[in-house]
Amino acid sequence: MGAIFDMQLASETLATDELTQITGCSRKGDQIAWLNLNGWTYFKNKAGEPIVGRMFARLKLSGISPTSLTTGGWAPDFSSVK
């Protein structure tokens with residue numbers, strides 16, 4: 001999974017055309033509805049457009065739950081180390 005974090009990021013956030021491609025919607029209201037329906041985290045800018053983080057999108061699209069990374073979903077097992 002470390003390879004996901006080593007990839008170069010074009011930008012910290014998705015571009016408008018990328019968000020349109022993922023949601024299948026060009027209107028910001030429809031994009032917001034899709035993001036809510038599918039459990040995506042986003043912020044709205046001053047114009048009311050949804051802003052999605054690129055790393056969040058990479059995790060979601062690869063099937064990794066972003067919350068599993070923050071809730072201690074994985075830890076090394078050192079019980080057999082002496």
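In helix α3 (residues 28-37), a run assigned by DSSP, as are all helices (H or I, at least four residues) and strands (E, at least two), numbered from the N terminus, the residues Gln31, Ile32 and Leu35 are buried, where buried denotes under 20% relative accessible area with a 1.4 Å probe and protein chains only. Seen down the axis of α3, these buried residues fall within an arc of 100°, so they line one face of the helix, the arc being that of the directions from the helix axis to the C-beta atoms. They pack against α2, β1 and β2 (50-51), and just after α3, Gly39 adopts a positive phi of about 70°. The model is predicted, and local features therein require pLDDT of at least 70, side-chain atom pairs count only at pLDDT 80 or more, and totals for chains, interfaces and linings use all residues. Residues are numbered from 1 along each chain as its sequence is written, and side-chain values use heavy atoms, with hydrogens and water left out.

The largest nonpolar core, defined as a set of buried Ala, Val, Leu, Ile, Met, Phe, Trp, Tyr and Cys residues joined through side-chain atoms within 4.5 Å, has nine residues, namely Leu14, Leu19, Ile32, Leu35, Trp40, Tyr42, Val52, Phe56 and Ala57. Helices α3 and α4 each supply at least two residues of this core. In α4 (residues 54-61), Arg54, Phe56, Ala57 and Leu59 are buried; with neighbours within four places in sequence set aside, Ala57 is in contact (heavy atoms within 4.5 Å) with Leu14, Trp40 and Val52.

Two aromatic pairs are present in the structure, a pair being rings of Phe, Tyr and Trp (its six-membered ring) whose centres lie within 6.5 Å, with planes under 30 degrees apart counted as stacked, over 60 as edge-to-face and the rest as tilted. Trp40 and Phe56 form an edge-to-face pair, at 5.6 Å centre to centre and 75° between the planes. This pair links distant parts of the chain, since Trp40 lies in the loop between α3 and β1 (43-44) and Phe56 in helix α4, 16 residues apart. Both residues of the pair, Trp40 and Phe56, are buried, and together with Trp34 they form one aromatic cluster.

Thr23, in helix α2 (residues 16-23), counts as buried at 7% relative accessibility. Its side chain reaches the backbone oxygen of Leu19 at 2.8 Å, and a polar atom of the Thr23 side chain lies 3.1 Å from the backbone nitrogen of Cys25. Residues up to four places away in sequence not being counted, Thr23 touches Gln31, Trp34 and Leu35.

Methods:
Buried means under 20% relative accessible area, exposed over 50%, partly exposed in between (1.4 Å probe, protein chains only). A polar contact is a pair of N or O atoms within 3.5 Å; within protein, one must be able to donate a hydrogen and the other to accept it, and residues adjacent in sequence count only if both atoms are side-chain atoms.
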